[in-house]
Structures are given as structure tokens and as C-alpha cells.
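Me: I'd like a close look at the cysteines in this one, please. Could you start there and then work outward, in plain words?

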Amino acid sequence: GKAAYFIRLGGCDVGCHWCDVKESWDPKLHPLMDATEIAEMAAKHCKTIVLTGGEPLMWNLEILTSRLKELGCTIHIETSGAYPMSGHLDWITLSPKKTGLPLEDIYKVASELKMIIFNNNDFNLRIHSNIVPGSCRDIISDSRLHFYTFKMNIFIVRFCRYQYSLP
């Protein structure tokens, strides 16, 4: 593993019923902060930064990510992809949601496809597997699934562009 500093941005209108951070949905509940100050505070602690939410792409990430890059950071994002891409990102985890489907362009740049499995209907990955990059499709069709227990009966399945060996 690698240490990472998480920046959780308030605001999300996707509204997944199984969300573990529903308090992040209403952006008015979170104080506005200067993006450059956030970047400088995060970079003091770690050079690997993960932007998450809520839904981080609801916001223009240009100022925040530009400053993080100036400070030598590698930037990851976890997003539903329901909003246009912004900012300078090194790793994009696309986690599509039924209630806010991804914009088509994000599939071309996604580094990883992360599917939340809540019930049997969620195992139907065809909606996304046909449009992710070829390297992700190869892994999906090879059934190399990475399961992570999330909550009671919820699983996260990750498909990565880069192959790595499974135990």
C-alpha cells in the first residue's frame, strides 16, 4: 500500500442509498475554503492525494490540482463520472452509479472501473464493460475480479487498466 491524503469535497446529487458519507451530500453544510490553502496543507502531509466526495467533479478542480502539481503531488480521483472532467489528474477511478450515469468521455480516460455491488442486478456490468478501454474490458472478460468488503453485504469490484497478479 501507499500512504495517501484524502480531500473530501462536499456536495453530491447522485444520492446512492448505500452511501457511507451522506453528510457530504449538501455542500452548504461544509465551509468554503481556499483551494490553494487546501493544497498546501495536504502536500505538507503527503505527496499522494485522493480527491473524493461527495462528487468531486461537481466542482472545477483546476486551481486545486494545479497547486497540488506545483507542490509535487500525484493526484487520484474517485468519481461517478456524472460531471465533466476538470483539473490535472494522474489516476481516475470511475465508479458509475445508476442514479447518475457517467458522461461518455470519462470512459476514455478512466484508469480504473470500480463497481459497487449491492444486489444481484449490480452484477450486470455490460452497461459499462462495453465502453471502458480495451485493457479494462480484457480483465472484465477474463473475470479477474477484485472484491473488497465494504459494508454488510456490499462489495466493491475493481477492474484496472494495468494487470497485476492475483493471489
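Reply: Sure, let's start with C12, which counts as buried because its relative accessibility is 16%, under the 20% cut-off for that label. Keep in mind that we're looking at a predicted model.

Now for C46. This cysteine is in no disulfide. The nearest cysteine sulfur belongs to C73, and the gap is 7.7 Å. A disulfide needs the two sulfur atoms within 2.5 Å of each other, so that pair doesn't make the cut. C46 is buried too, because its relative accessible area is just 13%. And if you go looking for disulfides by this rule, the count comes to zero.

Stepping back along the sequence from C46, we get to K44, which sits in helix 1, the stretch of residues 35–45. Is K44 buried or exposed? K44 counts as exposed, because its relative accessibility is 71%, and anything over 50% gets that label. K44 also shows how folding can bring distant bits of sequence together: Y5 is 39 residues away from K44 along the chain, but their C-alpha atoms are 9.9 Å apart in space.

Let's try another buried spot, S95. You'll find this serine in the loop between strand 4 (91–94) and helix 3 (106–109). S95 is in a loop, yet it counts as buried because its relative accessibility is 5%. Which residues does S95 touch, leaving out those up to four places away in sequence? They are T79, S80, K114 and I116. With K114 there's a detail worth finding on screen: a polar atom of the S95 side chain lies 3.1 Å from the backbone oxygen of K114.

Finally, zoom out to the whole chain. It has five helices and seven strands, and reading along the sequence you meet them in the pattern β-α-β-α-β-β-α-β-α-α-β-β. Of its 167 residues, 43% count as buried, with C12, C46 and S95 among them. The K44 and Y5 pair was about sequence distance, and you can ask about that for the chain as well. Take the contacts between residues at least 6 apart in sequence: 56% of them join residues at least 24 apart. As for the outside, the accessible surface comes to about 9,600 Å², and carbon and sulfur atoms account for 55% of that.

Definitions and conventions:
Residues are numbered from 1 along each chain as its sequence is written. This is a predicted model: local features need pLDDT of at least 70, side-chain atom pairs count only at pLDDT 80 or more; totals for chains, interfaces and linings use all residues. Side-chain values use heavy atoms; hydrogens and water are left out. Helices (H or I, at least four residues) and strands (E, at least two) are DSSP runs, numbered from the N terminus. Buried means under 20% relative accessible area, exposed over 50%, partly exposed in between (1.4 Å probe, protein chains only). Contact means heavy atoms within 4.5 Å. Accessible areas come from the Shrake-Rupley method with a 1.4 Å probe; for residues, only the protein chains shown count as cover. A polar contact is a pair of N or O atoms within 3.5 Å; within protein, one must be able to donate a hydrogen and the other to accept it, and residues adjacent in sequence count only if both atoms are side-chain atoms.
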